[in-house]
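Q: Please take a close look at one chain of this model, at a single residue inside it, and at the surfaces where the parts of the assembly touch. I would like the cut-offs behind each term to be given along the way.

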Amino acid sequence: MKKYTYTEKKDTRSGFGAGLHEAGKKNENVVALCADLVGSLKMDAFIKDFPERFTQVGIAEANMIGIAAGMTIGGKIPFTGTFANFSTGRVYDQIRQSVAYSNKNVKICASHAGLTLGEDGATHQILEDIGLMKMLPGMVVINPCDYNQTKAATMAIAEYEGPVYLRFGRPVIPVFTDPDQKFEIGKAWMVNEGTDVTIIATGHMVWKAIEAGEKLAELGIDAEIINIHTIKPLDEEAILTSVKKTGCVVTCEEHNKFGGLGESVARLLTTELPTPQEFVATNDTFGESGTPDQLMSKYGLDAVNIVEAAQKVIGRKK
Amino acid sequence: MKHTIKELEDIASQIRRDIVRMVHGCQSGHPGGSLGCADFFTALYFEVLNHNKDFSMDGIGEDLFFLSNGHISPVWYSTLAHAGYFDKSELATFRKLDSRLQGHPTTHEHLPGIRVASGSLGQGMSVAIGAALTKRLNGDHSYVFTLHGDGELQEGQNWEAAMFAPFHELDRLICSVDYNGQQIDGPTKKVLSLDSLQDKFEAFGWHVINTDGNDMQSIVEGLHYAKTLTGKGKPILNLMSTQMGAGVDYMMGSHKWHGTAPNDEQLATALAQLPETLGDY
């Protein structure tokens, strides 16, 4: 098992804030909008340096999405910022018609996704957003795994022409990816090469997959770990190549097992290479109040759950 | 004036012919609101709007128009064709398979003149605001026009947008409301009363004007007057009284022709009331 270490913990939303600031410096057409959550989205640096390119919309997310769609007409590249719940479910029809169907170059940037939002509880903990967004034709869906990857992804989507959903979160987690990485949309990152089982993880679950990989190594199981940061378009080649070698797969996501990364992988494997698969994901449930760690544990999203799923799926291999 | 009032009325008559023929041709679509707004579209595209029929999505240096109540697509398609955006023969494909003239307007099939999809109601004002913000950032002093149904204003997103535009002093934004008092299930007064739109928008900080949307002189003068009001910190709302079905006597004044196509006999009756002026498609 390749060794990953970290010297600091940061939140992915701060990676977004830093990436937005960099994107703003590189391209004067980058503009930002927020629905009364500037501090939570870490947009302060962008606003300080480019006040005229920032629009405070107030608590009016539907209006924000429509305004962003309109701002593309004339060449701007709008980044909208609010919580994941209010970035997707609340404004689904606005995104569907004014952004996706109209093919507008809007970047929907969503913080506080998943259970790790914590104490605010289920009203704010969306576990359905990946499904909602990946269903929209033409929508790119990205869920980066740490501060550095989120920053790189934010800068990369500014250079991509078309609608993007970028999902990140609130908690501070290990920073373990390369600070100078080049983020390639739709290209998986090989975290660890192995032979016994493929673990595919996205977002906050990637570090947990690394922890699981270390525990599996102690048990004599050689896990291949792949980071799928781009859920759509899916890096099918990377997944098929790995699964051909290992013969089984565990998918890990901080999302409902209905509609998430796991289902995208299952669709691919069912049609191309039928393979035993286990899902580490929430099981058709809403969340609740609690600390992020408590919630990840209660809802089965810890390293130990990945270890168990890996052992189980290896046992299902013919 | 680029045209006389009589010339504009003749264009509107041709557009009305197109509308009833398009809706008859596919036996679906929305003739009532389309007919009611034929004079507005004629005034806008042939007299008021600074636009380029060689369409570019970004519309730099041009006035922009957004149709929020996308179901009245027939009137927009006919207007765009006669304004030179595409050949009028394409009007015959309306709502048919493989057409660029979808039931509701969309950019998806790349029809020149359309900058965003509409149909799901209540989204157009927000999009127009975004376009106006970009024009401001680009130092482009062109105008942004919109049209909304009156029933459509029951959608809450409009009021988010209505609050935003005056606060941000978007004073080159000119929104018109097709104030015909009708919606699918009946008169707006019975379905969900809009009460005084004038009072509502003025309370939100708009400059409100009133026009007769089925009187060419009134609508042309009204839109020109609206332009003179810009630059004073307030967006403009044109409350435009119209008759649903205007120009076809048996369709007028009733919500029943909101989304119903005429049969052969009804088509003939309608066409007899609308002189052909620019030539049918």
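A: With 281 residues, chain B would be expected to have a radius of gyration near 19 Å if it were a compact globule, and its value of 17 Å agrees with that; the radius is taken over C-alpha atoms, and the globule rule is 2.2 Å times the number of residues to the power 0.38. This is a predicted model, in which local features need pLDDT of at least 70 and side-chain atom pairs count only at pLDDT 80 or more, while totals for chains, interfaces and linings use all residues. Residues are numbered from 1 along each chain as its sequence is written, and chains are lettered from A and ligands numbered from 1 in the order in which they are written.

Taken along the principal axes, the C-alpha atoms of chain B fill a box of roughly 50 × 45 × 35 Å. Chain B holds ten helices and seven strands, which are DSSP runs numbered from the N terminus (H or I, at least four residues, for helices; E, at least two, for strands). Of its 281 residues, 52% count as buried, a term that requires 20 or more other C-beta atoms within 10 Å of the residue's own, with 12 or fewer making it exposed, values in between partly exposed, and the C-beta atoms placed from the backbone. Among the contacts in chain B with a separation of 6 or more, 75% join residues 24 or more positions apart, a contact being two C-beta atoms, placed from the backbone, within 7 Å.

Within chain B, Tyr45(B) belongs to helix α3, which covers residues 38-48. Tyr45(B) counts as buried because it has 22 C-beta neighbours inside 10 Å. Apart from neighbours within four places in sequence, Tyr45(B) is in contact with His51(B), Thr79(B) and Ala83(B), and its C-alpha atom is separated by 9.7 Å from that of Trp76(B), 31 residues apart along the chain.

Turning to the surface between the chains, 29 residues of chain B are in contact with 23 residues of chain A. On the side of chain A that touches chain B, the elements giving two or more residues are α4 (61-71) and α6 (92-101) of chain A, and α4(A) gives the most, with eight residues. The residues of that side of chain A divide into nine nonpolar, eleven polar and three charged, where Ala, Val, Leu, Ile, Met, Phe, Trp, Tyr, Cys and Pro count as nonpolar, Asp, Glu, Lys and Arg as charged, and the others, Gly among them, as polar.
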